[in-house]
Amino acid sequence: MPQASSSSSPATAAAPPPPQPAADPSPSAVPASEEALDPQTPAPPPQAQPEAVLTAAQKALRSKPTRPPEDSDKKNKKLKDVEISFPIVYGTISFWLGKKASEYNSHKWTVYIRSATNEDLSVIVKRVVFQLHPSFTNPTRVVEQPPFELSESGWGEFEIAITLYFHSDVCEKRLDLFHQLKLYPEEDTGPQSTKKPVVVETYDEIVFPEPTEAFFQRVQNHPAATVPRLPPGITLPPPGPMELVPHEKKRGDTKDHPLSQWFSNFSEADELLKLAAARQQVQAHIAKLRRQLSMIDGMPQQSKAVSVQGQQFGHG
């Protein structure tokens, strides 16, 4: 599963401090206690007290954190032994341009991140940054609303960095993913075709351990989320209506996406079928090897030596 990571820019050298003004020898620079003020003259505005002359009591009073309201405590309270996961798919779909292809523009492709069930991911994702090859104009592309995807055209394959930024109540860290853009099909899948794209997708799950109560309540009925039952002793009020993001008229899902016919199905049932098929292939191969071994064991010693020698030299 992907791990969230954060990075920070190296600290730059601080600029030199601005020159301090020379002390003003005029009477206004004299402390008020030593100055004869005219009763008719309005008192000058109070000056900010320098940090150096603050009393210990004033410092303690100023640095004392303000206790957040009780409602804020509840919203930020972590749920121990609870994990919320979001199955995701990220990848690329590339189309060969055929007769329209040129030396430096042979394919049109789309890179994206989506829910594994094509539900709306903007419930957790605030924006996605795609980092393309430096040869592209403006290689850093920011997408701030679903669907979180980017379409381009070109001729070369390269690694695309995909960075996810989450809403503040979801996770403070970002998540970095990497995907290799593939334009050309494998040899065993046949030649290039303008009708059949090259699809490369990766399934993964984003796991949020110890979510806040507010986050849990907000997504516990969301179809893209895998939300467990709360541990015994923890009860939360029923969730309110799901908040709608202003820009999403279709909830931001990708079920009716123009490329959805090429999306891979990563359901658990399909994965179990693939595992069962692979297991049958392995068992059939093991049975074949056992038959070969039993035939060798049944041969006379001289025949065995000839057979073994023939296999060693590639004649068996």
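**Aromatic close-ups in a predicted model**

**View 1. Four phenylalanines gather into a cluster.** In this predicted model, ring pairs join F86, F166, F208 and F215 into a cluster. Across the structure there are 7 aromatic pairs, and the next two views take you through two of them.

**View 2. F86 meets F208 edge-to-face.** Look here for the aromatic pair of F86 and F208, whose ring centres are 6.2 Å apart and whose planes are 75° from each other. F86 belongs to strand β2 (residues 83-96) and F208 to strand β9 (residues 198-209), so their pairing ties together parts that lie 122 residues apart in sequence. Both F86 and F208 are buried.

**View 3. W109 and F136 join a strand to a loop.** This aromatic pair is also edge-to-face: the centres of W109 and F136 are 6.1 Å apart, with 85° between the planes. W109 sits in strand β3 (residues 107-115), while F136 sits in the loop between β4 (125-131) and β5 (140-143), so the pair ties together parts 27 residues apart in sequence. Are these two residues buried or exposed? W109 has a relative accessibility of 1%, so W109 counts as buried. F136 has 16% relative accessibility and counts as buried too, because the cut-off for buried is under 20%.

**View 4. A charge rests over a tyrosine ring.** Here the partner of the ring is a charged group: the charged end of R127 sits over the ring of Y165. If you would like a number to go with the picture, the distance from that charged end to the ring centre is 4.3 Å.

Note on methods
Residues numbered from 1 in each chain as written. Predicted model: local features only at pLDDT ≥ 70, side-chain atom pairs only at ≥ 80, totals over all residues. Heavy atoms only, no water. Phe/Tyr/Trp six-rings, centres within 6.5 Å; stacked < 30°, edge-to-face > 60°. Helix = DSSP H or I, 4+ residues; strand = E, 2+ residues; numbered from the N terminus. Buried < 20%, exposed > 50% of the residue type's maximum accessible area, 1.4 Å probe, protein only. Lys NZ or Arg CZ within 6 Å of the ring centre and 35° of its normal.
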